[in-house]
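Morning, everyone. Please have a look at the structure on the screen, and I'll walk you through it.

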Amino acid sequence: MAQEPISHYLCIGCPLGCRLEVDEGPGGDIVEVRGWACKRGDRYARQEHTDPRRMVTTTVRLSGGMWARLPVKTSVPVPKGRIGEVCLQLREVTVPAPVRTGDVVVKNVLGLEADIVATRDAA
Ligand code: SF4
């Protein structure tokens, strides 16, 4: 009988860094998560296994300000596989100064239900 795949993840929920194992059943469903010391690790492993997401931090063009670029980030993590598209989209964005930290500079980027927000003031 074929061995079902086991995937390994490192929990980033706290400095303990629990090593997590996810067992998949024949249909690809998660049958067991091991190695966590608290429920955050269980949730993290399931999320990472089925729909890994990341915050995106980058810069966009700034016009009329003291600097040429404005640092920004996503308001929530976006699917890991869409990060390249988000960055390409942001290459087309120019934000007029002034901007305040937390201002939304792109609403609902690519329909991912994540806004792009400024992470510093720019006058
Ligand atoms: S499973 Fe819990 S205790 Fe272990 S690293 Fe993750 S958050 Fe920390």
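A compact globule of 123 residues would have a radius of gyration near 14 Å. The protein chain here comes out at 19 Å. Keep in mind that this is a predicted model. Along the principal axes, the C-alpha atoms fill a box of roughly 65 × 30 × 20 Å.

How is the protein chain divided? There is domain 1, residues 6-50, and domain 2, residues 57-118. Their centres, taken over C-alpha atoms, are separated by 31 Å.

Now the burial. Buried residues make up 19% of the 123 in the protein chain. On contacts, take those with a separation of 6 or more. Of these, 44% are between residues 24 or more positions apart.

Next, secondary structure. The protein chain has 2 helices and 10 strands. Reading from the N terminus, the order is β-β-β-α-β-β-β-β-α-β-β-β.

Let's go to the cores. The largest nonpolar core has 14 residues. Which of them touch the most other members? Those are L70, V72, V95 and V99. Strands β5 (57-63), β6 (69-74) and β10 (116-118) each supply at least two residues of this core. Take V99. Leaving out residues up to four places away in sequence, V99 touches L70, A118, D121 and A122. There is also a second, separate core, with 7 residues. Among them are Y9, C18, V22 and A45.

C18 comes up again at the ligand. Which residues surround the ligand? Four cysteines are not hard to spot on screen: C11, C14, C18 and C38 are among those surrounding the ligand. The others are G13, L16, G17, W36, A37, R40 and G41. By type, the shell divides into 7 nonpolar, 3 polar and 1 charged.

Back to the strands, and to T58. T58 is in strand β5. Is T58 buried or partly exposed? T58 has 17 C-beta neighbours inside 10 Å, so it counts as partly exposed. Neighbours within four places in sequence aside, T58 is in contact with V72, C87 and L90. You met V72 a moment ago, as one of the core residues that touch the most other members. One distance to note: T58 and R69 are 11 residues apart along the chain, and their C-alpha atoms are separated by 9.6 Å.

Now some backbone details. First, a cis peptide bond. Which residues does it join? A97 and P98, with omega at about 5°. P98 sits in the loop between β8 (94-96) and β9 (104-106).

Then two residues with positive phi. N108 is not a glycine, yet its phi is positive, about 50°. N108 is found in the loop between β9 and β10. Why does N108 count as exposed? Because N108 has 12 C-beta neighbours inside 10 Å, and the cut-off for exposed is 12 or fewer.

L110 is the other one. L110 is not a glycine either, and its phi is about 55°, again positive. L110 also has its place in the loop between β9 and β10. L110 has 14 other C-beta atoms within 10 Å, so this residue is partly exposed.

To wrap up, three things to take away. The radius of gyration is 19 Å, against a figure near 14 Å for a compact globule of 123 residues. The centres of domain 1 and domain 2 are 31 Å apart. And the second core is separate from the largest one. Thanks. I'm happy to go back to any of these on the screen.

Note on methods. Residues are numbered from 1 along each chain as its sequence is written. This is a predicted model: local features need pLDDT of at least 70, side-chain atom pairs count only at pLDDT 80 or more; totals for chains, interfaces and linings use all residues. A nonpolar core is a set of buried Ala, Val, Leu, Ile, Met, Phe, Trp, Tyr and Cys residues joined through C-beta atoms within 7 Å. A residue is buried if 20 or more other C-beta atoms lie within 10 Å of its own, exposed if 12 or fewer, and partly exposed in between; C-beta atoms are placed from the backbone. Helices (H or I, at least four residues) and strands (E, at least two) are DSSP runs, numbered from the N terminus. Two residues are in contact if their C-beta atoms, placed from the backbone, lie within 7 Å. A residue is near a molecule or strand if its C-beta atom, placed from the backbone, lies within 6 Å of it. Ala, Val, Leu, Ile, Met, Phe, Trp, Tyr, Cys and Pro count as nonpolar, Asp, Glu, Lys and Arg as charged, and the others, Gly among them, as polar. The radius of gyration is taken over C-alpha atoms; the globule rule is 2.2 Å times the number of residues to the power 0.38. Domain bounds come from an automatic or database domain assignment.
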